[in-house]
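Please open the structure in your viewer and keep the selection tool at hand. This tour goes from the whole chain to its parts, one selection at a time.

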Amino acid sequence: MKINPNKLRKHVLDMVYEKQSGHIGGSFSIAELTAYLYSNYDLLNSDKDKLILSKGHAVPILYAALYELGVIDTLDNFREVNSPLQGHPDKLRLPYMHATTGALGQGLSIAIGHALACKTKKLSNEIFCILGDGELQEGQIWEAFMLAPKYNLDNLVCFIDSNKSQNDGYVKDILDMGDLKEKIKSFGWNTYQIDGHDLNQIETTIKNNRNNKPTCIILDTVKGKGISFMETPEWHAKAPNKEEYYQSLKELGYESNT
């Protein structure tokens, strides 16, 4: 089943509007990536491919994908007490999540553990990890970047959602990461920089020859992509009011009767 990225955005918009809580901006910026991965890899069986969402606050987009695939039958319990659809991934409450994240900086280390285990067991599983660009300010991320090439983890693909902003503003104003592509390449990774909203570029780059090395794909994205007025740091964790909600539906191509 091929998932429509804007359908995922619409589900996220609905969830955050109804609960007046959640993270729209960083969910929208990875809509194309999420749609591609869930359409093309087996992320639903625990013994197959894995997706570690290190930037756990963007989990609404994963819930939207699971809903589109018919794996979960409602999104109405988003962020409710004891719900499996928490504000950050909780794999104990929802086994389709492959890691419990939210404390930023830990996901790549978890992904390396899965990739190394699969290598040791001679399994062909693909291990994917999604990092935020603001999250790269965490030191543990760089320890993980150093470690992965040592074990020739060509079954590991790390995506950096480079949407240029984080909770408190623009990344460049808080702690500029400089030339990410060259930095990560210097650690021994296959490193690429592409348009993160282009499904064809995502597919082509994932399928490039791994050369016995881990791969890092820097996705040039826009926070709040798809809604003109949401493409700013302000929409990291802001919920829309009624007027903004209906304007957003219109921009995503969903007309409302209200």
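Among contacts in the chain between residues at least 6 apart in sequence, what percentage join residues at least 24 apart? The share is 72%, and it is worth keeping in mind that this value, like the others in the tour, is computed from a predicted model.

**The whole chain**

Begin by selecting the whole chain and colouring it by secondary structure, which brings out ten helices and seven strands. The radius of gyration is 17 Å, close to the 18 Å that the globule rule gives for 258 residues, so the chain is as compact as a globular protein of that length. If you turn the model along its principal axes, the C-alpha atoms fill a box of roughly 55 × 40 × 35 Å. Switching to a surface view shows an accessible area of about 11300 Å², of which 46% belongs to carbon and sulfur atoms, while 53% of the 258 residues count as buried.

**Helix H4**

Next, select residues 60-68, which form helix H4, a mostly covered element in which eight of the nine residues are buried. These buried residues are Pro60, Ile61, Leu62, Tyr63, Ala64, Ala65, Leu66 and Glu68. To see what they pack against, add helix H1 (5-19), helix H2 (25-28), helix H3 (31-40) and strand S1 (50-53) to the selection. Gly70 follows H4, and its phi is positive, near 80 degrees.

**The nonpolar cores**

Now show the side chains of Leu37, Tyr38, Tyr63 and Phe159, the residues with the most contacts inside the largest nonpolar core, which has 50 residues. Centre the view on Leu37, and, leaving aside residues up to four places away in sequence, you will find that Leu37 touches Leu43, Leu51, Phe128, Phe159 and Ile206. A second, separate core has 27 residues, and to find it you can select Ala99, Ala115, Leu180 and Ile184, which are among its members. In soluble globular proteins, nonpolar side chains tend to be buried together.

**Strands S6 and S7**

For the last stop, select strand S6 (residues 190-195) together with strand S7 (residues 215-220), which run parallel and are joined by six bridges. Within this pair, Thr191 of S6 stands opposite Cys216 in S7. Then add helix H9 (residues 199-206), through which the chain crosses from S6 to S7, and follow the path of this β-α-β crossover, which is right-handed.

Conventions:
Residues numbered from 1 in each chain as written. Predicted model: local features only at pLDDT ≥ 70, side-chain atom pairs only at ≥ 80, totals over all residues. Heavy atoms only, no water. Pairing = 2+ DSSP bridges. Helix = DSSP H or I, 4+ residues; strand = E, 2+ residues; numbered from the N terminus. Right-handed = clockwise from strand over helix to strand, strands pointing away. Core = buried A, V, L, I, M, F, W, Y, C linked by side-chain atoms within 4.5 Å. Buried < 20%, exposed > 50% of the residue type's maximum accessible area, 1.4 Å probe, protein only. Contact = heavy atoms within 4.5 Å. Rg over C-alpha atoms; globule rule 2.2 N^0.38 Å. Areas by Shrake-Rupley, 256 points an atom, 1.4 Å probe, with all protein chains shown as cover.
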